[in-house]
Amino acid sequence: MAQTSITKDQKTLKQWANILGYSGTIPFISLAVILLLDASSTTPAASGPAASGLAASALHLYGAIILSFLGGLHWGRIACNPDIKPSDKWFLIYSVIPSLMGWSSYLLSDIWQGAALMLIAGFIISYVIDIRFIRLGAWQSWMKPLRTNLTLIACFSLTVLLLH
């Protein structure tokens with residue numbers, strides 16, 4: 001009986017993770033679509049270039065925030081794990097790098113057209129590290145398809161920003 005409730009709880013947790021994870025892609029997708037529509041339009045948008053600039057800035061900022069969140073997952077993993085080792089300090093050190101990359105990228109976005117590349121690189125690096133933890137069993141196996149899809153959506157959206 002206890003095994004059934006654990007399986008049911010895990011299924012419920014996976015469903016919530018999917019709902020919340022995919023909901024988190026709404027800003028990525030919608031802002032990228034705005035930029036794509038602006039780029040393909042032959043007539044000036046009704047709201048003008050200001051709307052396109054706002055969408056680009058919002059997409060860049062959202063990418064930086066989500067990248068910071070991905071680093072924070074590792075901080076939380078270490079903070080909640082009673083079986084940590086001294087070598088886990090490297091994951092604490094790593095956990096702040098995504099937020100620093102996102103912040104730096106956002107600061108540079110007005111002066112460097114390729115600043116979105118920093119975000120894309122950060123998402124790819126975070127993905128590679130997270131997949132390693134999934135393979136080691138430190139994270140739930142259901143996270144792999146979720147992380148894969150969310151990373152692809154984020155990177156595609158940020159590529160739209162980069163090319164805008």
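Reader: Leaving aside its neighbours within four places in sequence, which residues is Met101 in contact with?
Author: The model is predicted, and in it local features need pLDDT of at least 70, side-chain atom pairs count only at pLDDT 80 or more, and totals for chains, interfaces and linings use all residues. Numbering starts from 1 along each chain as its sequence is written, and side-chain values use heavy atoms, with hydrogens and water left out. Contact means heavy atoms within 4.5 Å. With neighbours within four places in sequence set aside, the partners of Met101 are Leu67, Met118, Ala121 and Gly122.

Reader: How far apart in space are Met101 and Met118, C-alpha to C-alpha?
Author: Met101 sits in helix α4, residues 89–108; helices are DSSP runs of H or I with at least four residues, strands are runs of E with at least two, and both are numbered from the N terminus. Met118 is one of the contacts of Met101. The two are 17 residues apart in sequence, while their C-alpha distance is 6.5 Å.

Reader: How many helices and how many strands does the secondary structure of the chain come to?
Author: Read from the N terminus on, the elements run α-α-α-α-α-α. The count for the chain is therefore, by the DSSP runs just described, six helices and zero strands.

Reader: What share of the contacts with a separation of 6 or more comes from residues 24 or more positions apart?
Author: The C-alpha atoms fill a box of roughly 65 × 35 × 20 Å along the principal axes. Among contacts in the chain with a separation of 6 or more, pairs at 24 or more positions account for 71%.

Reader: What percentage of the residues in the chain is buried?
Author: Buried means under 20% relative accessible area, exposed over 50%, and partly exposed in between, with a 1.4 Å probe and protein chains only. The chain has 164 residues, and its buried share is 33%.

Reader: Is Asp130 buried or exposed?
Author: Asp130 has its place in helix α5. Apart from residues up to four places away in sequence, Asp130 touches Leu70, His74, Trp139 and Arg147. Because its relative accessibility is 0%, Asp130 counts as buried.

Reader: Which element gives the largest share of the largest nonpolar core?
Author: A nonpolar core is a set of buried Ala, Val, Leu, Ile, Met, Phe, Trp, Tyr and Cys residues joined through side-chain atoms within 4.5 Å. The largest one has 21 residues, and Phe28, Leu35, Leu59, Leu67, Phe123, Leu158 and Leu161 have the most contacts inside it. Two or more residues of this core come from each of α2 (26–40), α3, α5 and α6. The largest share, seven residues, is given by α3.

Reader: How many residues are in the other core, the one with Ala17, Trp142, Met143 and Leu150 among them?
Author: In the largest core, Phe28 is among the residues with the most contacts. Outside four places in sequence, Phe28 is in contact with Leu59, Tyr62, Gly63, Ile66, Phe123, Ile153, Ala154, Ser157 and Leu158. Apart from that core lies the other, and its number of residues is nine.

Reader: How far does α6 reach from its first C-alpha to its last?
Author: The buried residues of α6 include Arg147, Leu150, Leu158 and Leu161. The expected span of a helix is 1.5 Å times one less than its number of residues. For the 21 residues of α6 the expected value is 30 Å, and the reach found is close to that, at 30 Å.
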